[in-house]
Every structure is written in structure tokens, then in C-alpha cells.
Amino acid sequence: MATNAIDQTRRMLSLVTYLRERPGAHVTDVARAFGITEDELISDLDVLPMCGTSFRGGDLLDIDTDGDRIWWHNPDDVAEPLRLAADEATALLVAARAVSTLPGLREGDRQALLRATAKLEAAAGEAAGASSRFSVTFESEGGVFADVDRAISERRRLWLRYYSPARDKLTEREVDPIRLFAVGHTYMEAWCRLSEARRTFRLDRVAEIRLLDEPSVPPEIELRDLSEGLVQPAADDPEVVVEVGPGGRWVAEYYPHDSAEELPDGGLRITLRTPEPASLRRLALRLGGDGHIVSPPELAVSAREAAREALAAYESAGQV
Amino acid sequence: MAIAKAERLMNLALCLLGTRRPLSKRELRGSIEAYLEAGTDDSFNRMFERDKDDLRELGLVIETVENLDGEAGYLARRDSNRLPAITLDAEEAAALGLAAKVWQQARLAGAASGALQKLRAAGMPEAEDPYEGHQSALEPRIPVHETAFEPLMLACRDRRPVVFDYRKANAARPETRHVEPWTLECWRGHWYLAGWDRERGAERVFRLSRITGKVRSRAGSFTAEVPDVVTVRETVESWAGETATRTALIKLRQGSGYPLRARATAVRDLGDGWDELAIPYGHGLDAWLVELGPEVVVLEPADLRADVVDRLRAVAKD
């Protein structure tokens with residue numbers, strides 16, 4: 001965590017209150033309680049002895065550490081628990097309310113969260129007021145979620161019928177679930193035994209799910225860093241270039257891309273990478289007159305042929 | 001070496017919290033080393049004003065009181081800065097710990113951990129191990145990729161009007177919009193703003209990713225009344241075509257188009273490898289059907305069929 005002055009000040013104010021109640025506290029315990037590294041804590045402890053109510057009066061905080069335990073030799077009553085700021089109350093309340101609406105949350109956790117939220121609202125008082133102006137909804141498919149959640153906690157394999165939009169097909173497969181996460185939609189990360197690779201499944205595309213009796217034994221793999229975005233094309237994935245008019249600018253919002261150059265007519269020239277360019281035939285069809293595939297040429301051809309074949313069905317029925 | 005800002009802020013906070021009577025700027029300058037080193041009166045004054053604002057952002061209530069000589073004094077009273085008593089059990093603490101991790105935005109992530117730290121200092125128990133020990137396998141994340149988020153969050157919080165350039169989904173050029181921002185809502189991973197559009201004289205919903213350039217604040221206060229309930233989601237759903245108004249009849253090749261089947265109100269096997277489906281028909285359905293190319297044929301209504309055929313023709317002639 002990068003330390004900025006605001007976050008550090010906030011933390012140090014809480015730290016003095018915390019230390020006052022715990023003479024001789026261990027560095028490791030305090031760092032864990034504050035959710036920071038020991039180095040961050042030590043850098044706070046370096047600053048605190050420079051702080052006080054007057055540097056000339058000699059009433060600086062006499063806090064020191066031998067690297068293992070922390071001592072405050074002149075604790076005073078400045079260190080009372082401080083009220084929550086509007087941003088603090090908002091950040092925690094909005095998140096708590098969002099999490100409590102997750103259909104897959106365990107009932108016990110939900111109840112605990114609702115109790116905590118109510119107490120927090122009361123303690124925050126006026127500072128909680130603005131939090132009602134922000135809200136977050138997680139999408140989640142209740143039944144599927146519960147089965148995946150249970151499979152993870154009981155370490156059991158899952159059987160899925162899963163819809164792949166790229167191929168417009170339902171496929172059946174067995175997977176060893178690794179984790180569930182929600183970013184807009186809810187997803188399961190799992191080891192797919194069909195493709196022998198890590199796969200991410202969007203729960204609203206699961207057509208059918210069953211818990212199997214076999215144990216789940218995903219190989220030890222490092223979890224993906226989700227802050228980089230869900231779709232992380234590989235450097236050697238084939239490149240696709242799409243040109244869109246003003247009506248197709250939404251493509252740049254929905255597809256992670258390497259570049260989006262402005263075109264003189266208000267359109268964009270978008271370059272992206274995907275392991276399966278054929279899956280973008282859907283996009284080419286959807287764009288209609290609002291854009292077209294520049295490369296690879298075989299993708300442009302396949303979209304054109306699909307459109308012609310589709311039109312033929314209307315023509316033979318005499319409907320156009 | 002210049003004194004670090006965190007040290008300066010901490011000193012100012014302790015001075016203001018520790019005093020029983022208002023302290024003048026002169027007194028504060030004499031008590032805090034960084035202010036003595038500030039150089040000119042001007043640079044000290046600027047620094048002091050900024051620091052006071054920063055501490056207020058952190059939640060400190062700082063009062064300004066004039067003394068008999070008309071000189072301003074400052075203090076942060078104990079009783080207006082104390083956290084009211086709050087007792088959380090270990091389960092509640094663990095639940096809040098999970099919630100505090102969901103923000104993927106620096107300012108809110110910092111604020112959420114700051115809130116936890118204050119609660120911790122006030123005696124909130126520690127969960128055994130907030131992550132590993134937690135039984136739920138779920139990791140919710142609130143994504144915030146839009147640069148317009150932070151300025152709009154502050155404007156919503158403080159009820160300040162804003163101006164920004166906004167490009168509608170199908171517009172070539174952005175237009176300047178004057179908005180009184182009411183609420184921000186995240187749905188399906190995207191952020192939306194609802195507010196009063198001053199020029200259109202009506203409520204509008206904006207998608208943050210379509211805001212181009214900077215969000216600028218405007219002086220003055222709101223002119224329109226803020227409604228009790230703001231419905232962002234219904235508006236976005238209608239953009240997304242999820243508010244069906246009619247029913248369409250389509251032919252779908254068997255094994256294809258699962259999402260259409262999942263929402264079909266009736267399915268009939270035509271016997272030749274095709275099914276006939278009745279599906280809800282709202283805005284945007286044509287684009288969705290055309291994606292499936294030759295796997296789908298629209299039977300009715302005629303206007304939907306014409307839209308799909310138009311789109312197919314545009315691709316066929318490329």
C-alpha cells in the first residue's frame with residue numbers, strides 16, 4: 001500500500017489511541033490489527049516521537065520500540081477514539097450494504113454484517129448521511145452460487161453445462177472450483193478438467209450445475225490479480241483490428257484493447273488481442289453498419305458469409 | 001530536510017485536540033516546528049489553511065472562535081470529536097473486515113481501512129484471521145476504472161453542481177452538460193450518475209465511462225429539489241433492452257442461443273432441427289439476435305424482422 005500523508009495521519013491518530021490501551025504491544029500484532037506491514041508501522045513509530053502539543057514545551061509523544069515491542073512512556077488523554085469522517089463512513093457503509101445483498105453470502109455472515117451496519121450507522125451519526133447517495137449492486141445467480149460455494153468449502157468437484165458465447169454452444173465439463181468473486185457479475189475461477197487449464201466462468205451462463213462426489217484437486221496455481229481486469233489477453237494472442245463509426249464507440253467500453261485511435265468521422269480504430277478471433281464474429285454481426293473488421297481478413301469474410309447465409313433464409317421465405 | 005506532511009498534520013491535530021481554549025494561528029505557528037520553518041507569512045497561511053482542510057477530510061471537527069481582540073482561534077473539542085460508544089463482536093468485526101476490502105479505488109479503500117482502524121482503536125475485536133479463517137469463498141470487488149468517479153463522488157457528497165463533457169452512446173462529439181449530481185450507482189461493474197440536467201430541465205442518468213475530460217465543480221447550490229428515491233437501475237435496464245414491452249416470435253436452430261432459450265416464454269419443436277420460441281421484445285433485441293447470424297430467423301413482429309435484415313445487409317455488403 002502506498003502511504004500518502006492523509007492515510008498515514010489517519011492511521012497514526014488511531015495508533016496512539018490503540019497503543020495507549022496496550023502498553024508493550026508487539027509490533028507484529030499491531031501491524032496485523034491495522035492491516036499494514038511491519039515496515040509501515042515502524043515508519044509511523046519513527047514519526048510519532050516528533051509529534052505532540054508543542055515541540056518546545058517538551059510534551060512530545062514518548063513512544064519507542066525495540067523492533068519487537070512498543071512502549072509509550074507518557075501516555076495522555078489526547079488519545080480518545082475519534083469519530084468517523086464522512087468518507088470513512090461512506091466507504092464502509094456502502095461496501096457493507098453491497099456485500100449484504102449478495103445472494104450467495106452465508107446467512108450467519110449476512111446477519112453479522114447487518115448488525116454491524118446498524119451499529120456503524122448509529123455511531124457515525126451525521127457522517128453516515130451521504131452514504132445513501134452511493135450504491136452498488138452485485139449480480140449473482142442464487143442457486144448456482146450456493147452450489148459453487150458449497151463445493152469450495154467441501155472441496156468437491158463440479159459438473160457444469162456452460163454456455164460459451166464465443167462458440168454459441170453449451171458444453172459439459174467437470175471443474176475443480178478455486179474461488180468465487182464478484183466484479184459486476186459473479187464469477188467462478190476453476191481448474192477445467194476438459195481443457196486442463198484455469199478458466200473463469202460467469203455464473204449467469206451456467207445452464208446446469210451438479211456437485212460430484214469426487215474431491216476437488218485443483219493444481220497449486222497462483223491466483224490471478226483481479227485488479228488488472230478480468231480479461232487479460234496474452235502478448236502472443238492474435239491481433240484484431242476493428243473500425244467503428246460513432247454508433248460503435250461502445251466497443252471500446254466493453255472490450256479491453258491495446259489502442260483506440262480517433263477517426264475523423266467521430267469513429268474509432270480499435271486494436272485488441274484475443275486467443276480466439278473467430279469469437280469476434282458475433283461482434284462483427286452486431287455492429288451492422290456501425291463498424292467492420294479490418295483484420296484478420298478471414299474474420300471479416302466469415303462475418304460476411306454468416307450475414308449472407310442468414311439473409312438467404314429470409315429471402316427463401318419471401319420475407320424481404 | 002523538509003518535515004514530512006504527515007508529521008505536520010499529526011502535530012496540528014494533537015495541538016487542536018489537546019487544547020481547552022482556542023489557539024491562535026500565532027500560537028500554533030510557535031508550537032509546530034514545520035510552521036516555524038514555513039518561511040513567509042503567506043506560505044505559512046496557505047499551508048495552515050490546507051492542513052485544516054485535510055484534517056476536516058479526516059473527520060476532525062475544528063471550530064473557529066474569535067477572541068476579544070477579534071483574532072481567530074481554533075480548537076477541536078473532545079466531545080464533538082469522540083466516537084460514540086460502539087461494541088462489535090468478533091463476527092461483526094470479521095464481516096466489516098470483508099466489506100472494507102471490496103473497494104478498488106484508492107481514496108475509498110484508504111477511507112474504509114481508516115474507518116476500521118478507528119474502530120479497532122475503539123476496541124473492535126480482531127477476527128482470528130480475517131481472510132483465511134473466513135468460511136465464505138466469496139471475494140466481492142467494486143471496480144472503479146472511471147477517472148470521473150472521484151470528483152463526482154465528492155460533488156455528490158457535498159451537493160455541488162458540476163460541468164462535464166459527455167458523449168452519448170451514439171454521438172460523434174461530446175456535449176457539455178451542466179448537472180446537479182444526486183447519486184452514483186454501480187451496476188454490472190459500471191458506474192452511473194443520476195442528477196438534474198440544468199439545460200434539459202429534467203432528471204438524467206449518465207454512464208461515467210462516457211464522460212470525457214475533466215469534471216469541474218461550479219459555485220452555488222442545487223436549484224432543483226433532490227427526490228427521495230432516485231431510480232438509476234430502471235433507466236439503465238431500459239437502455240440495456242431489459243424492459244420488454246412486446247413479444248417476438250423467432251426460429252432458433254436447436255443447440256444454439258442458450259440465453260434466448262433461458263428467457264423464452266414458450267418453446268415449440270418444429271421437428272426439422274429448429275425450435276420456435278416466444279421471447280420478450282424490448283429495445284436492443286435486434287442487435288442481440290443478429291449476433292447469432294444464420295442460427296436465428298425472426299418471424300414476427302415485422303419491424304423487428306426488418307431491423308435484423310437491415311443489420312445483416314450492412315454486414316453482407318462489406
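**Chain B and its elements**

Visitor: What is the radius of gyration of chain B, set against that of a compact globule of 318 residues?
Guide: This is a predicted model, in which local features need pLDDT of at least 70, side-chain atom pairs count only at pLDDT 80 or more, and totals for chains, interfaces and linings use all residues. Residues are numbered from 1 along each chain as its sequence is written, while chains are lettered from A and ligands numbered from 1 in the order in which they are written. The radius is taken over C-alpha atoms, and the globule rule is 2.2 Å times the number of residues to the power 0.38. A compact globule of 318 residues would have a radius near 20 Å, whereas chain B has 29 Å.

Visitor: What does the C-alpha trace of chain B span along its principal axes?
Guide: Chain B contains 12 helices and 13 strands, which are DSSP runs numbered from the N terminus (helices H or I, at least four residues; strands E, at least two). The span of its C-alpha trace along the principal axes is about 90 × 50 × 40 Å.

Visitor: Is B:Asp158 buried or exposed?
Guide: B:Asp158 belongs to helix H8 (residues 149-158) of chain B. A residue is buried if 20 or more other C-beta atoms, placed from the backbone, lie within 10 Å of its own, exposed if 12 or fewer, and partly exposed in between. Because B:Asp158 has 11 other C-beta atoms within 10 Å, it counts as exposed.

Visitor: Which strands are among the elements that cover the buried residues of H8(B)?
Guide: The buried residues in H8(B) include B:Phe149, B:Leu152 and B:Cys156. They lie on the same side of H8(B), because the arc they cover around the axis is only 165 degrees, taken from the directions from the helix axis to the C-beta atoms. Contact requires C-beta atoms, placed from the backbone, within 7 Å. The cover includes strands S5 (162-166), S6 (175-187), S7 (190-197) and S9 (211-217) of chain B.

Visitor: Which residue just after H8(B) takes a positive phi?
Guide: Helix H8 of chain B comprises residues 149-158. Just after H8(B), a positive phi of about 55 degrees is taken by B:Arg159.

Visitor: Which residue in S3(B) stands opposite B:Glu66?
Guide: Strands pair if DSSP finds at least two bridges between them. An open antiparallel sheet of chain B has the order S1-S3-S2, with S1 (23-24) and S2 (63-66) at its edges, each pairing on one side only. S2(B) and strand S3 (residues 72-75) are joined by four bridges. Opposite B:Glu66 in S3(B) stands B:Ala72.

Visitor: In the open sheet of four strands, what is the average twist from one strand to the next?
Guide: The strand order is S11-S12-S10-S13 in chain B, and the pairing is antiparallel. Strands S11 (266-269) and S13 (296-300) each have a single partner strand, so one side of each is left without a neighbour in the sheet. From one strand to the next, the twist averages 25 degrees.

Visitor: At what angle to S13(B) does helix H12 of chain B run?
Guide: S13(B) pairs with strand S10 (residues 246-253) over four antiparallel bridges, and B:Lys251 has B:Val297 of S13(B) as its bridge partner. Axes are lines fitted to C-alpha atoms, for helices over the stretch in contact, and angles run from 0 to 180 degrees between N-to-C directions. Helix H12 (residues 302-316) lies across S10, S12 (274-281) and S13 of chain B, and its angle to S13(B) is about 150 degrees.

Methods:
Contact = placed C-beta atoms within 7 Å.
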